[in-house]
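User: I'd like to go through some labels in this model and see what backs each one up. Can we take them one by one?

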Amino acid sequence: MDIRSGNATCVLEINKQKFEFYPTFHSDALGDFVSYVASIHPLCKLSWKDGAFPKMNGGIEWHTGPYLLRWELERDFEDLEITITEIQNPIADRKKNPNFPRTVLRTKCNFDEFVLCIVKELDRVIKQRGILGYRQEWQNYTFPIDGFLALKYACLYQKPFEITKKQSGTSLEEELDLLMKNID
């Protein structure tokens, strides 16, 4: 993922295919995507509380200018089905376009491998840009730190991040350590 002045270039390489997408700052593309993945990850709940990342029915949509890009993820144990569809952007084009909707990708992959790739890329982005630097480049939205930390913890330790009973919260020190920890 490369971010410059409210526009991003996202490259998805999956099953020997390569796709490029260009979301704009008109939607919180990365934040929505990370929350969406966390919502279907069985370990992304905060200790006792299911639904820390509520399920997003119908997927998410990225504004890409002339059209919207809808992501739909269906997890079936270790498998993940990904469907990416271009749909008409009613703001950009009010006249019905017969070319939409158009399926760009429909494939299956290993869920854990997909999540690990996402976490590695998020780790690269946050360490390259920083929290405030990300906000400056993406403009309208902040880095999805909560979803990122939940996913990273799940990848590294195969369990959910724990709520401490003493503070009824998480440990900021542990979160900062997790943020800086390298993931291989």
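Analyst: Sure, here are the labels and the reasoning behind them, bearing in mind that this is a predicted model.

User: Why is Thr64 called buried?

Analyst: Buried means under 20% relative accessible area, and Thr64 comes in at 11%, so Thr64 counts as buried. Thr64 sits in the loop between strand 4 and strand 5, and touches Tyr22, Pro23, Thr24 and Leu69, leaving aside residues up to four places away in sequence.

User: What makes the side chain of Thr64 and the backbone oxygen of Tyr67 a polar contact?

Analyst: The cut-off is 3.5 Å between N or O atoms, and the side chain of Thr64 reaches that oxygen at 2.5 Å.

User: How many aromatic pairs are there?

Analyst: The count is eleven. One of them is Phe21 with Trp71, edge-to-face at 5.7 Å centre to centre and 70° between the planes. Phe21 is in strand 3 and Trp71 in strand 5, 50 residues apart. Both are buried.

User: Why is the pair of Phe143 and Phe148 called edge-to-face?

Analyst: Ring centres must lie within 6.5 Å and planes over 60 degrees apart; for Phe143 and Phe148 the values are 5.6 Å and 80°, so the pair is edge-to-face. Phe143 is buried at 4% relative accessible area, and Phe148 is buried at 0%.

User: Which element gives the most to the lining of the largest pocket?

Analyst: Helix 2, with seven residues. The lining has 21 residues, with Val11, Leu12, Phe114, Cys117 and Ile118 nearest the pocket's centre. By type, the lining residues split into 16 nonpolar, two polar and three charged.

Methods. Residues are numbered from 1 along each chain as its sequence is written. Side-chain values use heavy atoms; hydrogens and water are left out. On a 1 Å grid over the protein atoms alone, a cavity is a set of points where a 1.4 Å probe fits but cannot get out, and a pocket is an open set with protein on both sides within 12 Å along at least five of seven lines; lining residues have an atom within 4 Å of a point. Helices (H or I, at least four residues) and strands (E, at least two) are DSSP runs, numbered from the N terminus. Ala, Val, Leu, Ile, Met, Phe, Trp, Tyr, Cys and Pro count as nonpolar, Asp, Glu, Lys and Arg as charged, and the others, Gly among them, as polar. Buried means under 20% relative accessible area, exposed over 50%, partly exposed in between (1.4 Å probe, protein chains only). A polar contact is a pair of N or O atoms within 3.5 Å; within protein, one must be able to donate a hydrogen and the other to accept it, and residues adjacent in sequence count only if both atoms are side-chain atoms. Contact means heavy atoms within 4.5 Å. Rings of Phe, Tyr and Trp (its six-membered ring) pair if their centres lie within 6.5 Å; planes under 30 degrees apart count as stacked, over 60 as edge-to-face and the rest as tilted.
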